[in-house]
Amino acid sequence: MSWTKTVLDANSLSSRGKVVAFHPDGKHVFGGGDDGIRRWRLEDGQEVGEQTGVDLRAISISRDQKWIVCGTKEGASVWDEELQEKVVDVDGTDEVWAVDVSPDSTTFATGTDKAALSIWSITSGKRLVGPLKHDSYATGVRFSPNSERIATASIGGSIRIFDSRNGDELVTINTLTASTGPSTPLAWSNDGQQIFAASKDNKIKLFDVSTGSQLAESQAFQGSYVDCVALAANGKFIATYVNHTILFLDTSTLSQIGLVIENLKSTPIWSIAISPDNGYLAIGLNNGEITIRDLSGILPDSYGPFHVSTCSFTMLACQASLILSLALTHYIRHLTTRKDNRTSLQPRAGVTTNDLTPPR
């Protein structure tokens with residue numbers, strides 16, 4: 001697993017870092033794969049803490065910043081975020097490829113390779129709901145903003161919405177989702193009334209969650225499947241990818257915005273995540289490389305506000321220092337010139353003040 005940022009060059013850290021996620025504090029990013037989980041400080045790319053030894057398939061961090069939930073080849077586990085110790089182990093759930101912690105940080109959901117959805121207590125590991133069957137391999141689970149509903153997606157299957165308290169199925173959205181890896185092909189709108197989904201016909205689509213009806217769709221993108229929907233915390237834009245290209249869409253129009261990010265190494269993209277402040281994009285590649293991209297300059301300012309990156313801040317500070325130095329030099333020269341002029345007007349020996357009086 002390696003690290004790259006617009007202002008950093010990093011050494012190789014590990015291998016196969018397919019899964020990426022930002023910490024809710026916006027200051028750290030997680031990455032992992034079959035050799036465990038690692039955490040880096042976003043500011044300078046320095047690794048923080050010790051590697052967590054799990055065979056990672058999916059990861060979600062609770063909003064209260066207390067828990068890290070991992071989907072693994074053997075099941076799912078909950079880790080104490082501060083102590084970095086495993087506190088709950090959920091075995092016998094098959095291979096877990098999708099996890100999500102509820103917004104109220106009390107439960108978590110798992111989606112497995114056996115097309116099953118379950119909801120668990122985050123403190124005890126007790127199964128509260130499920131297992132609920134899906135069409136096929138469950139690649140996406142997402143709680144609604146109020147934690148009362150949960151949406152699931154599967155490879156080439158429909159999206160189903162359940163009551164997260166009792167498991168009752170509320171609506172089925174008949175669209176073929178396309179995710180084939182750890183990327184989540186769906187996202188709730190911030191008001192909980194709509195769902196964005198990556199479709200197998202290479203489009204991002206918007207659905208009404210109460211009826212399952214389609215409200216809008218993007219253009220069809222060229223390439224293989226549109227695998228992922230990552231929604232910015234401010235609700236203004238979506239990030240997705242096709243082949244080796246990352247695209248951005250306006251959530252109100254589903255039209256493409258800003259610049260595209262090309263992966264020039266032609267390595268498959270496995271997952272992406274947007275930072276809580278909407279300013280960074282984390283990209284996990286199949287070869288284990290993790291790239292952090294600063295979105296200020298890639299997206300229009302209206303989709304921010306974006307932070308000023310360390311690189312930009314340093315450049316601005318240097319420019320300000322140079323301007324101040326030039327201004328100070330100019331001011332000193334001005335004072336020196338005035339002093340010289342005054343000296344030239346002083347009476348010379350044998351010359352009276354009256355002799356210096358300008359002629360009339």
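How many helices and strands are there in the chain? The chain holds 1 helix and 28 strands. Before I continue, please note that this is a predicted model, and every value I quote was computed from it.

Let me begin with the chain overall. It has 360 residues, and 51% of them count as buried. The chain exposes about 17,100 Å², of which carbon and sulfur atoms supply 50%. If we take the contacts between residues at least 6 apart in sequence, 42% of them join residues at least 24 apart.

I turn now to the sheets. In general, the strands of a sheet pair through backbone hydrogen bonds, in either a parallel or an antiparallel arrangement. One open sheet here has 4 strands in the order β14-β15-β16-β17, and its pairing is antiparallel. At its edges lie β14, residues 138-143, and β17, residues 169-173, each of which pairs on one side only. From one strand to the next, the twist in this sheet averages 20°. Within it, β15, residues 149-154, runs antiparallel to β16, residues 159-163, and 5 bridges join the two. As a point of reference on your screens, A151 stands opposite I161 in β16.

A second open sheet of 4 strands follows the order β22-β23-β24-β25, with antiparallel pairing. Here the edge strands are β22, residues 230-231, and β25, residues 256-262, and each pairs on one side only. Between β22 and β23, the latter covering residues 237-242, there are 2 bridges in the antiparallel sense. One residue pair to locate is L231 with its bridge partner in β23, I238.

This brings me to the nonpolar core. In soluble globular proteins, nonpolar side chains tend to be buried together. Which residues touch the most other members of the largest nonpolar core? That core has 21 residues, and the ones with the most such contacts are F237, I246, F248, I272, L281, I283 and L295. The elements that each give two or more residues to this core are β23, β24 (245-250), β25, β26 (269-274) and β27 (280-285).

Consider I272 in particular. Apart from neighbours within four places in sequence, I272 is in contact with V20, C228, A230, A239, T240, Y241, I246, L281, A282 and I283.

C228, one of those contacts of I272, leads to the cysteines. Is C228 buried or exposed? C228 counts as buried because its relative accessibility is 3%, which is under the 20% cut-off. C70 is likewise buried, at 0% relative accessibility. As for disulfides, a search of the whole structure finds 0.

Two further positions deserve a look. The first topic is S121, which is found in strand β12, residues 116-121. With a relative accessibility of 12%, S121 counts as buried. Setting aside residues up to four places away in sequence, S121 touches T106, F108, K126 and L128.

The other is G212, located in the loop between β20 (204-208) and β21 (214-217). Although G212 is in a loop, it is buried, with a relative accessible area of 15%. Which residues does G212 contact, leaving aside neighbours within four places in sequence? They are V171, I173 and F207. V171 and I173 fall within the range of β17, residues 169-173. G212 and R160 are 52 residues apart along the chain, and their C-alpha atoms are separated by 9.2 Å.

Technical notes:
Residues numbered from 1 in each chain as written. Predicted model: local features only at pLDDT ≥ 70, side-chain atom pairs only at ≥ 80, totals over all residues. Heavy atoms only, no water. Pairing = 2+ DSSP bridges. Axes fitted to C-alpha atoms, helices over the stretch in contact; angles between N-to-C directions. Buried < 20%, exposed > 50% of the residue type's maximum accessible area, 1.4 Å probe, protein only. Contact = heavy atoms within 4.5 Å. Areas by Shrake-Rupley, 256 points an atom, 1.4 Å probe, with all protein chains shown as cover. Disulfide = S-S within 2.5 Å. Core = buried A, V, L, I, M, F, W, Y, C linked by side-chain atoms within 4.5 Å.
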